[in-house]
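Colleague: I am preparing notes for a first-year student and would be grateful for a close look at a single part of this model. Please take it slowly, and explain each term when you first need it.

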Amino acid sequence: MAAHSYLLINPRKTGILPIMPSLRFKIGAGYYTLVAIIVVLSIFAFVSFFRVNRAITPILKKHTPTAIASQRMLKALDEQIQDQILMLRGDTELAYVSYQRSRDRFLNWYQHALAADLPQPEKAILDSIIYTYKAYLTNSEAFYTLCKKNSPLSRPFHMESIVPVEQRLRSQCLHLIEVTQALTTSTVELARDAMNRSIVLIAVAALLSIFFAFWSNAQVSRNVIRPASALARTIRLISRGQLNQKIDITTNDEFAELSSEFNKMTERLRTYEEMDIHQLIAEKVKSETIVASIDEPLIVTDAGHKVVLMNLAAAQMLGSPTNNLEGKPVEKVVADRKLRRLLMASATQLRETAHSDFLLKIENSGSTTYYRPRQTTIVDETGQNQGIVTLFEDVTRFKDLERLKTEFIATVSHEFRTPLTSINMSIDILSQQLLGPVSARQAELLSNAKEDCGRLTKLVRELLDLSRLEAGHHQMKMVPLSLEIIVQEALGPLRLPFLEKEIRLSSELAGLPPFLGDPQQLSYVLTNLLSNALRHTPRGGEVCISATAGTEELRVAVADTGAGIPAEARETIFEKFVQVRKESETTPGSVGLGLAIARQVVQAHGGRIWVESEPGRGSTFYFTLPLTRSL
């Protein structure tokens, strides 16, 4: 069957003549048939209406001017009667002038009617009208003479000599209108009959055209649409994986050629499927084996946030069975809110997580485990995101070491406080010369020792604060706050140093909503950011603190016009003991704990802190505070 079909499809190669016309010919035949039907019907309708119009137009041109002239003559006659009434009332001269104009109009329209090519009845009526109108004019002139002399005979003369003539003249004009309308009506009836005959003929032609149109459409459907539908049905089955389909070839047109090539393609697809299916299965088993062999929890999700793969460690981390998880949405598999948000992260959130020290805390069976997630996007050849691979690195032991280090630093710092206090008191006693006089050289050494004690005291205090924050021992005192008040408290001790360094300090904080926060800790954050801006902004520069409120968070910015921060240092300045100094800077500054403490405070409030900077143009430190907590 297939070989026979292929033989019919390639007549040029086999030498067999085509037994059916091509698809282009079939579609063209149906299309041009419809066009021919429309053209013939249009010509027939045009000829029919042209004949009707040619029969009606001359008659209308013959009678219409007479009807219009008759109406105008009757109107001019009415105006003359009104003028004669005015003459009776005493306005003789003015009324006579108006009467002459109406008379001229009557005669003018009479000439229009007379100039038309009229039948004999209308001509006879026009002759009687002009004869009567001449008598009317003669009597009207005599009436004008009597009115001009104020003769008492003017009114009887008007009633006896003018009114009867006027009534006879009016009757003649109305009779002319009736005769014209009767002739026009008969013409319209004739035209209506001709129009009805044309409509019947056009309707018959339209029915025939519709019949031929349906016949042509049926031919196109049989030769084009049905083979196309059959081809589409077979393609749908093949797209669902049923590669054993074959399209029957019953024509010798382009569809037959397409069907033949499609049959060849499905044959090749079946061959490729048989060749590759074992390799695909092997690759899938290999991938699943690799994922299962990884000790760290690993979850693979697709672009629709559905689970693709999950190893045993990940299932144990979630406390879920590993079977029947493929294809399920993340929100139905993962109960932890933070983990669910991590697995459903967007591309921007992935970049933010990659540059942060985000740790995931999982409590399972009474034990606490800390994971640092590492996420990688899966992209196709076009660069589109196809999924996310999330590997959870177990950092519990590092977290324990960090905790031990923090406790050690806290203990050492606490032990430093007592000797530092004693040393500081001893330096004060010696400086005040309570035990005897001190030389100038000794006083200078004592002053330097005092400054070093102050730095050590500040270092101990910051280490204790940082250790308490990292260990979670410091309880935030969340109270309703106004950012304007917190900023004013932070600016209080710094206004004089800003003035001394001639740095302009401004703020943009109007219309901000209240929020919950720890006033002391937030004041420390603002003081630290403003102090850093003061230290790194040259004389004559500018520092601005601003804030904007969104629907869920308050965003605070501290911007300066200082030297800026190099790109390689923007990710590390929030680490402990990290400072950014110029090579020319020799004076000792802080020990690099301020921004680390600020980050801990902001994170404890549920916000985040970051910096945007351009070397030579200044830096802007941002931090956010949530507004969703109820006040």
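**Loop, helices and core**

Modeller: Glu 502 counts as exposed, because its relative accessibility is 53% (exposed means over 50% relative accessible area, buried under 20% and partly exposed in between, with a 1.4 Å probe and protein chains only). This is a predicted model, in which local features need pLDDT of at least 70 and side-chain atom pairs pLDDT 80 or more, while totals for chains, interfaces and linings use all residues. Residues are numbered from 1 along each chain as its sequence is written, and side-chain values use heavy atoms, leaving out hydrogens and water.

Glu 502 sits in the loop that runs between α15, residues 495–500, and β7, residues 504–508 (helices are DSSP runs of H or I with at least four residues, strands runs of E with at least two, numbered from the N terminus). Its phi is near 60°, a positive value in a residue other than glycine. Another example of a positive phi in a residue other than glycine is Asn 150, again near 60°, which belongs to the loop between α5 and α6 (154–239) and is exposed, with a relative accessible area of 66%.

From this loop we can turn to a pair of helices, α14 (residues 483–491) and α16 (residues 519–536), whose axes come within 9 Å and cross at roughly 55° (axes are lines fitted to C-alpha atoms, for helices over the stretch in contact, and angles run from 0 to 180 degrees between N-to-C directions). On the α14 side, the residues that meet α16 are Ile 486, Val 487, Ala 490 and Leu 491 (contact means heavy atoms within 4.5 Å). On the α16 side, their partners are Pro 519, Leu 522, Ser 523, Leu 526, Thr 527 and Leu 530.

Leu 526 is a good residue to follow further, since neighbours up to four places away in sequence can be set aside and it still touches Ile 486, Val 487 and Ala 490, together with Ile 545, Val 556 and Phe 623. It also belongs to the largest nonpolar core, which has 42 residues (a core is a set of buried Ala, Val, Leu, Ile, Met, Phe, Trp, Tyr and Cys residues joined through side-chain atoms within 4.5 Å). Within that core, the residues touching the most other members are Leu 483, Phe 515, Leu 526, Ile 573, Phe 621 and Phe 623.

Seven elements each supply at least two residues of this core: α14, α16, β9 (542–549), β10 (553–560), α17 (594–604), β11 (609–614) and β12 (618–626). The biggest share comes from α16, which gives seven residues. Apart from this core lies another, of 30 residues, which includes Phe 106, Ala 113, Ile 125 and Tyr 136.

The helix α17 deserves its own glance, because nine of its eleven residues are buried, so that it is largely enclosed by the rest of the structure. The buried residues are Gly 594, Leu 595, Ala 596, Ile 597, Ala 598, Arg 599, Gln 600, Val 601 and Val 602. Just after α17 comes Gly 606, which takes a positive phi of about 90°.

To set this part in its wider frame, the chain has 17 helices and twelve strands, and buried residues make up 34% of its 631 residues. Among contacts between residues at least 6 apart in sequence, 66% join residues at least 24 apart.
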